[in-house]
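The following exercises are meant to be worked with the sequence and the coordinates side by side. Try each task before reading the solution beneath it.

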Amino acid sequence: MKTATLNKSDLGKCIDLLVQADLRVIAPRLQPRLDEDGPDAIDVLTFTEVDSGEGHQVGEGLLPLNGVKEFLFAKHEPLFAYEKRGKKIEIIPVHHEYPQTVIIGVRPCDAASIASLESVFSDANAGFEDPFFTERRSRTTFITYSCTAPDASCFCTSVNLSPDSAKGSDLHLTEIGDGRLHVEVISKAGEAVAKQLQDLLEGEGDQAAREKAGAEVSEKLTRIRDSAPIMDWLMDTANFDDEMWQRLGEKCIGCGACTFACPTCHCFDIVDENKGSKGYRVKFWDSCQFDHFTLHASGHNPRDWQYKRYRNRFNCKFKIYPEKFETPGCVGCGRCIRACPVNLDITEYMAEVAHKAANPSAMKADQDSE
Amino acid sequence: MIEEIRNQARQLLENGEVDVVIGYAEGSDPSRTTPIFVRKAEDVEKLIYDSRCINSLPIYLNKRHEYTRKGWKKSAIIGKGCDIRAIVQLIAENQLKRDEVYILGVPCEGVVSHPDKWDGSLHDGNRASKCTGCDVMTPHETDFFPGEKPEVDRSKPYEVTSPKVANLMELELDKRFAFWRTDFDRCFKCYACREVCPHCSCNVCITDETTPSWIDPAAHKKGIFSWHLTRAMHLVGRCTGCGECTRACPMDIQVDLFNQRMKEVVQESYSYKPGYSLEDKHPLITYKVDDREDFIK
């Protein structure tokens with residue numbers, strides 16, 4: 001693997017070079033904010049399309065609120081247009097642009113989530129492919145950046161990742177001290193980008209320093225759970241009606257913030273946006289946390305209480321996904337924890353399941369005595 | 001203070017006067033608290049109250065949510081003044097009966113504007129702007145209150161306390177529109193602002209209606225603007241200003257700025273503040289002969 005070093009202060013220049021090479025560049029940036037806006041105003045860090053390196057936040061802050069999901073799986077997009085002419089309906093294709101894109105400053109958890117989305121949207125086994133996703137995916141290069149300061153909600157090490165993981169990356173950057181970055185070329189796409197940046201890259205990287213830095217950051221994580229027993233426990237159908245689901249999940253208000261903020265959640269809905277006799281068929285994000293998500297036309301709803309909807313979300317992450325696609329459903333970014341207005345915490349479920357898996361008989365006795 | 005609340009909660013549960021006590025407990029990290037439903041007297045020790053207790057708990061009393069299906073005939077709820085205003089408004093709108101709820105009022109010193117801003121104490125740099133000039137820090141409508149309730153003058157008109165509303169109002173119309181266009185660009189329509197609102201009580205929200213579809217569900221500009229403006233208009237004269245919609249927004253869009261401005265308009269037009277009277281109906285569903293008419297042209 002090819003390595004190099006880069007000055008952290010040259011990151012802005014990197015963005016400039018990529019922009020000059022006619023690439024669409026997406027980088028973390030702070031939304032404008034005024035101090036006079038008072039104590040309610042907070043810093044808003046998002047991935048945004050940029051036209052220069054000015055004001056970039058690559059390697060700063062922790063996670064942009066939006067993640068990279070929306071640049072591969074659009075928040076909304078027309079599938080086709082239609083027009084009714086007499087008794088005939090004409091289907092009119094919609095032209096989509098798929099510009100060559102580089103997303104820089106992606107954290108390891110977000111980079112790992114791409115494989116999970118890919119397994120749904122381009123499932124070779126099932127012979128299914130979502131062209132919108134795969135077209136974007138094939139034209140997007142990810143420059144990732146190892147974390148330096150995880151926060152209290154981060155739990156990537158609990159789901160077999162790490163703050164310096166290069167999984168899903170094309171070109172991976174890690175701070176190795178003295179304002180230097182260790183650069184690893186991971187893929188061909190990464191090599192192409194490295195070529196654009198070659199004037200800024202120097203010599204060889206420092207693998208030892210990179211590994212040391214990664215290990216130090218891993219130790220900063222405080223939210224550590226054992227995810228190993230979760231899948232087996234969920235596979236046991238008896239646990240589907242465990243008392244835990246209602247106890248932990250009854251405070252959930254079904255807002256869907258966790259699913260929209262989640263880098264691996266991928267559910268979508270399709271509607272016709274009509275205007276007279278013509279319109280568009282539009283695909284847009286949906287959420288399993290909405291009460292009408294599983295509402296049948298008959299009025300029956302198999303997930304009739306909110307806690308059952310959250311049970312579905314947890315099962316999707318830790319059973320359905322890994323079982324069906326062999327990719328992780330959860331990358332431990334902690335966005336769902338940060339976003340939740342009622343502090344419903346997925347890692348509390350993880351801890352509870354691990355505990356129940358380790359003490360099956362004790363739990364059974366507890367329930368019987370109640 | 002919390003000891004007295006716990007004792008009262010314990011008694012209520014032991015005597016079977018309420019089925020549940022809705023309150024706050026420690027959250028999963030030190031800057032957060034979480035809603036808790038206490039059903040057993042021995043669990044009252046989990047109840048806490050301090051400036052981190054941001055949540056507006058009356059959402060759990062709103063019949064649109066499923067909580068009443070658990071067989072809660074009567075619920076006790078820990079309420080800071082602004083939450084009790086939400087309860088009062090729910091009662092005034094016939095969404096709740098006064099005898100279905102037992103209000104455990106707490107004295108409040110203000111709450112933190114966002115969990116991320118909690119640094120161990122409450123100060124001018126992190127106190128939510130809604131708390132400035134609050135006249136219900138000693139709550140108005142309670143069934144139990146620890147200690148004496150001092151007399152408070154609550155006749156003052158509503159005033160916007162968020163500097164951002166004033167900053168926005170000073171902008172030219174097109175610049176103000178540009179601000180919202182940029183901010184709404186982040187919206188992905190998760191509807192956290194709706195679900196967290198104690199006053200969103202429709203069984204089927206207008207945005208979920210499909211025949212016809214009034215509001216495009218997709219998160220494009222049209223769908224986003226029509227959703228947020230409809231939400232703001234539906235809350236005119238009803239919003240009690242808990243600010244939960246902004247706090248719940250995972251994309252940190254300050255959607256309550258609309259509501260604050262609307263409250264100002266309602267104050268100017270009808271001298272009305274919601275959430276203070278169990279009987280008064282809000283101005284947009286009532287008609288009085290002396291109502292303002294000068295805006296009809």
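**Exercise 1.** Identify the buried residues of helix H1 of chain A, and determine how they are arranged around the helix axis.

*Solution.* The model is a predicted one, and the first step is to go through residues 11-20 of chain A, which form helix H1, counting a residue as buried if 20 or more other C-beta atoms lie within 10 Å of its own. The residues that pass are Leu11(A), Cys14(A), Ile15(A) and Leu18(A). The second step is to look down the axis of H1(A), where these buried residues fall within an arc of 95 degrees, so they line one face of the helix. The general background is that an α-helix has 3.6 residues a turn, so residues three or four places apart point the same way. The third step is to ask what covers the buried residues of H1(A), and the cover includes strands E2 (24-30), E3 (45-50) and E6 (101-106) together with helix H4 (188-196), which belong to chain A. Finally, H1(A) is followed by Asp22(A), a residue with a positive phi, near 65 degrees.

**Exercise 2.** Classify Gly12(A) as buried, partly exposed or exposed, and find which residues it touches beyond its sequence neighbours.

*Solution.* Begin by placing Gly12(A) in helix H1 of chain A. Its count is 17 other C-beta atoms within 10 Å, so it is partly exposed, since buried requires 20 or more and exposed 12 or fewer. Leaving aside residues up to four places away in sequence, Gly12(A) touches Gly53(A), Glu54(A) and His56(A). For Glu54(A), the separation from Gly12(A) is 42 residues in sequence, whereas the C-alpha to C-alpha distance is 6.3 Å.

**Exercise 3.** Assess whether chain A is compact or extended for its 370 residues.

*Solution.* Start from the inventory of chain A, which comprises twelve helices and 13 strands. Its radius of gyration is 23 Å, close to the 21 Å that the globule rule gives for 370 residues, so chain A is as compact as a globular protein of that length. Along the principal axes, its C-alpha atoms fill a box of roughly 70 × 65 × 55 Å. Of the 370 residues, 46% count as buried, and among the contacts in chain A with a separation of 6 or more, 73% are between residues 24 or more positions apart.

**Exercise 4.** Describe how the two domains of chain B meet.

*Solution.* Chain B is first divided into domain 1 (2-131) and domain 2 (163-285), whose C-alpha centres lie 24 Å apart. The contact then takes 21 residues from domain 1 of chain B and 22 residues from domain 2 of chain B. On the domain 1 side, the residues touching domain 2 of chain B are ten nonpolar, five polar and six charged.

Key
Residues numbered from 1 in each chain as written. Chains lettered and ligands numbered in written order. Predicted model: local features only at pLDDT ≥ 70, side-chain atom pairs only at ≥ 80, totals over all residues. Helix = DSSP H or I, 4+ residues; strand = E, 2+ residues; numbered from the N terminus. Arc of directions from axis to C-beta. Contact = placed C-beta atoms within 7 Å. Domains from an automatic or database assignment. Nonpolar A, V, L, I, M, F, W, Y, C, P; charged D, E, K, R; others polar. Rg over C-alpha atoms; globule rule 2.2 N^0.38 Å.
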